[in-house]
Amino acid sequence: MVSAMEIYKLLPNSACKECGFSSCMALAVALLNREKKLEDCPALFDPKYADKLKKLQELLEPLQKASETGLIIHEEKCFGCGNCVVACPVNVAADPTGCAVGQGPKSDRVILVVEDGVVKCLNVKECRRFGPQGTQCNACTATCPSKAIEFV
Ligand code: SF4
Ligand code: SF4
């Protein structure tokens, strides 16, 4: 997972404050949390920072694919075992005859499902991590043997 320090090292580090923050590290954290975009740092678009900009774009690209909870699915690592599907407490509560007894989902209120051998995220607003009151639930990531799910 990308860190704020990795992002920070690629920023101009000029502390110009044009992004609205007093330091480039604060912007790095905001970029990591998807609260700001690279375009919010005008200095970065100076041609002298072209290499850094390119690296930052590559580094931050996976974050653009994250759901509202920050969940990213690395489809190439998922082999469809379903561990996360039956471990998710929301799936279990919403699906007493499917996920709760270790079977595939029988309810359309679940969050994680395996389709065509790859996990998919549905009903993201039901995730325990959703919104400002969200918790640090990690049942899905903790039970994945191939690190195919992560939160950013
Ligand atoms: S974070 Fe928790 S509630 Fe959200 S999908 Fe993962 S296991 Fe389910
Ligand atoms: S994300 Fe991980 S735990 Fe979930 S189905 Fe894919 S490999 Fe299995």
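Me: What makes strand E2 (residues 112–115) and E3 a pair, and how do the two run?

Reply: DSSP must find at least two bridges between two strands before they pair. Here 4 bridges join E2 to E3, so the definition is met, and the strands run antiparallel. Val113 stands opposite Lys120 in E3, while Val114 stands opposite Val119. The two strands form a hairpin with 2 residues between them, and Asp116 in the turn has a positive phi of about 50°. Bear in mind that this is a predicted model, where local features need pLDDT of at least 70 and side-chain atom pairs count only at pLDDT 80 or more, while totals for chains, interfaces and linings use all residues. Residues are numbered from 1 along each chain as its sequence is written, and chains are lettered from A and ligands numbered from 1 in the order in which they are written.

Me: How do you know how many helices and strands there are in the protein?

Reply: They are DSSP runs, numbered from the N terminus: helices are H or I runs of at least four residues, and strands are E runs of at least two. That gives 6 helices and 4 strands, in the pattern α-α-α-β-α-α-β-β-α-β along the sequence.

Me: Why is Ile149 called buried or exposed?

Reply: Count the other C-beta atoms (placed from the backbone) within 10 Å of the residue's own: 20 or more is buried, 12 or fewer is exposed, and in between is partly exposed. Ile149 has 22 C-beta neighbours inside 10 Å, so it counts as buried. The residue is found in strand E4 (residues 149–151). Across the protein, buried residues make up 24% of the 152 residues.

Me: Which residues is Ile149 in contact with, leaving aside its neighbours within four places in sequence?

Reply: Contact asks for C-beta atoms, placed from the backbone, within 7 Å of each other. By that test the partners of Ile149 are Leu71, Ile73, Cys84, Val119, Cys140, Thr141 and Cys144. His74 is 75 residues away from Ile149 in sequence, yet the C-alpha atoms are 6.2 Å apart. Over the protein, take contacts between residues at least 6 apart in sequence: 52% of them join residues at least 24 apart.

Me: What makes Arg128 partly exposed?

Reply: Arg128 has 17 other C-beta atoms within 10 Å, so it is partly exposed. It lies in the loop between strand E3 (118–121) and H6. Setting aside neighbours within four places, Arg128 is in contact with Pro89, Val90, Gly134, Thr135 and Cys137. Arg128 and Pro89 are 39 residues apart in sequence, and their C-alpha atoms are 8.7 Å apart.

Me: Which residues surround ligand 1?

Reply: A residue is near a molecule if its C-beta atom, placed from the backbone, lies within 6 Å of it. Around ligand 1 those are Cys88, Pro89, Val90, Ile111, Leu112, Cys127, Arg128, Arg129, Cys137, Ala139 and Cys140. Helix H5 (89–94) and helix H6 (139–143) each supply at least two of the shell residues.

Me: How are the shells of the two ligands classed?

Reply: Ala, Val, Leu, Ile, Met, Phe, Trp, Tyr, Cys and Pro count as nonpolar, Asp, Glu, Lys and Arg as charged, and the others, Gly among them, as polar. The ligand 1 shell then has 9 nonpolar, no polar and 2 charged residues. For ligand 2 the classes are 9 nonpolar, 5 polar and no charged. Of the 14 residues around ligand 2, Cys78, Cys81, Asn83, Cys84 and Cys144 come nearest.

Me: What sets Asn13 apart in its phi?

Reply: Its phi is positive, about 55°, although Asn13 is not a glycine. Asn13 sits in the loop between helix H1 (4–10) and helix H2 (24–32). With 14 other C-beta atoms within 10 Å, Asn13 is partly exposed. Arg34, another residue that is not glycine, has a positive phi near 60°, and is found in the loop between H2 and helix H3 (50–64).

Me: How does the radius of gyration of the protein stand against that of a compact globule?

Reply: The radius is taken over C-alpha atoms, and the globule rule is 2.2 Å times the number of residues to the power 0.38. For 152 residues the rule gives near 15 Å, but the protein has 19 Å. Its C-alpha atoms fill a box of roughly 60 × 30 × 20 Å along the principal axes. An automatic or database assignment sets the domain bounds, dividing the protein into domain 1 (4–64) and domain 2 (71–151). Their C-alpha centres lie 32 Å apart.

Technical notes. Two residues are in contact if their C-beta atoms, placed from the backbone, lie within 7 Å.
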